[in-house]
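Dear colleague,

I am passing on the structure we spoke about, together with my notes on it. Please look at it first, and then read on.

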Amino acid sequence: MQGKVLFSHNADKQKEIASLTKLMSAYLGYLIYPQDKVFTFTKEAVDQEGYVGYFYVGEKISRNDILKASLVASSNDAIYLLAQNYGLNNFVNLMNQKVKEWGMLKTNFSDPTGLGKNISSAYDVYLMLTKIYSQTPEIFSFTRYGKVIINGKILWSTNLLLYKYSSIIVGAKTGYKDYVGENLAMILKFNNSPFIAVVILDSKNRWQDAENIIKSLK
């Protein structure tokens, strides 16, 4: 799916990518575990920063619901549980092995959630987007939900553009930290256009930046 670069600015500059990390974690989890795999929340998972889903120790969750919670609502608890079940260090090592395999030279992962210092570049995130979409487009189908219901609880999408541009957003993931700024990675598809990857890192207003890009492409 890789093609020509339409526009770039500081594409090779390393920055923290926060919850964009969850794309790689979800991709690996999708490959490692069967769809009918059931997980049980641990204290370590529930103790992760954030309260998305308000999961509790002992609560059961399926693989696909973990992916939905992680990709739609950016649940740290859920994606941590996915990695913890494999062995946290082993999972992070697997993430970094995939980085090398895909030629993401500016990228290093320290944890599966994005809460740690996970660094990459806009170009490397673009590589990650294209590799994941070409191999497991199902991952991005999860990100197109405006909301998901898991164990009777409603989890809302973190992607505010989804409601306005659902017809052209093939998939997307957000990321944010106070000291990192706003991140957004998307794959777009207009009528009669090729697939277009958009990666925004360290933005002050990712929604406005993304809308400006979308309008310039129409």
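What follows is an account of the pockets, the cores, one enclosed helix, the cavity and a hairpin.

Please keep in mind throughout that this is a predicted model.

I begin with the open spaces. The largest pocket holds about 930 Å³ of space, and among the 31 residues that line it, V5, F7, A197, V198 and V199 are the closest to its centre. The elements that contribute two or more residues to this lining are α6 (122-135), β9 (195-203) and α9 (206-217), with β9 giving the most, at 9 residues. Sorted by class, the lining of the largest pocket consists of 18 nonpolar, 8 polar and 5 charged residues.

The second largest pocket has a volume of about 350 Å³, and of the 18 residues lining it, those closest to the centre are S19, K22, S74, N76 and Y176. Strand β7 (residues 169-177) gives the most to this lining, with 4 residues, and by class the lining of the second largest pocket divides into 5 nonpolar, 8 polar and 5 charged residues.

Turning to the interior, the largest nonpolar core has 52 residues, and M24, F41, F55, I61, L82, M128 and I132 are those with the most contacts inside it. Helix α6 gives the most to this core, with 8 residues, and α6 is also one of the elements that supply two or more residues to the lining of the largest pocket. If you would like one residue from which to look around the core, I61 may serve: leaving aside residues up to four places away in sequence, I61 touches K37, V38, F39, F41, F55, I66, L81 and I150. There is also a second, separate core of 16 residues, which includes L184, F190, V198 and W207; V198 is, in addition, among the residues closest to the centre of the largest pocket.

Helix α3 (residues 63-72) deserves a separate look, because 9 of its 10 residues are buried and the helix is therefore largely enclosed by the rest of the structure. The buried residues are R63, N64, D65, I66, L67, A69, S70, L71 and V72, and I66 is one of the residues that I61 touches. Just after α3, S74 takes a positive phi of about 60 degrees, and S74 is also among the residues closest to the centre of the second largest pocket.

A search of the whole structure for cavities of 30 Å³ or more finds 1, and the largest cavity has a volume of about 40 Å³. Its lining is made up of L71, V72, T143, S157, T158, N159, A172, K173 and T174, with α3 and β7 each supplying at least two of these residues and β7 providing the largest share, 3 residues. By class, the lining of the largest cavity comprises 3 nonpolar, 5 polar and 1 charged.

Lastly, there is the hairpin. Strand β5 (residues 147-150) and strand β6 (residues 153-156) run antiparallel and are joined by 4 bridges, with V148 standing opposite L155 in β6. In this hairpin 2 residues lie between the strands, and N151 in the turn has a positive phi of about 50 degrees. I150, which belongs to the residue range of β5, is another of the residues that I61 touches.

With best wishes

Technical notes:
Residues numbered from 1 in each chain as written. Predicted model: local features only at pLDDT ≥ 70, side-chain atom pairs only at ≥ 80, totals over all residues. Heavy atoms only, no water. Pairing = 2+ DSSP bridges. 1 Å grid on protein atoms, 1.4 Å probe; cavity = no way out; pocket = protein on both sides within 12 Å on 5 of 7 lines; lining within 4 Å. Points joined across faces, edges and corners; volume = space filled by probe spheres on them. Nonpolar A, V, L, I, M, F, W, Y, C, P; charged D, E, K, R; others polar. Core = buried A, V, L, I, M, F, W, Y, C linked by side-chain atoms within 4.5 Å. Buried < 20%, exposed > 50% of the residue type's maximum accessible area, 1.4 Å probe, protein only. Contact = heavy atoms within 4.5 Å.
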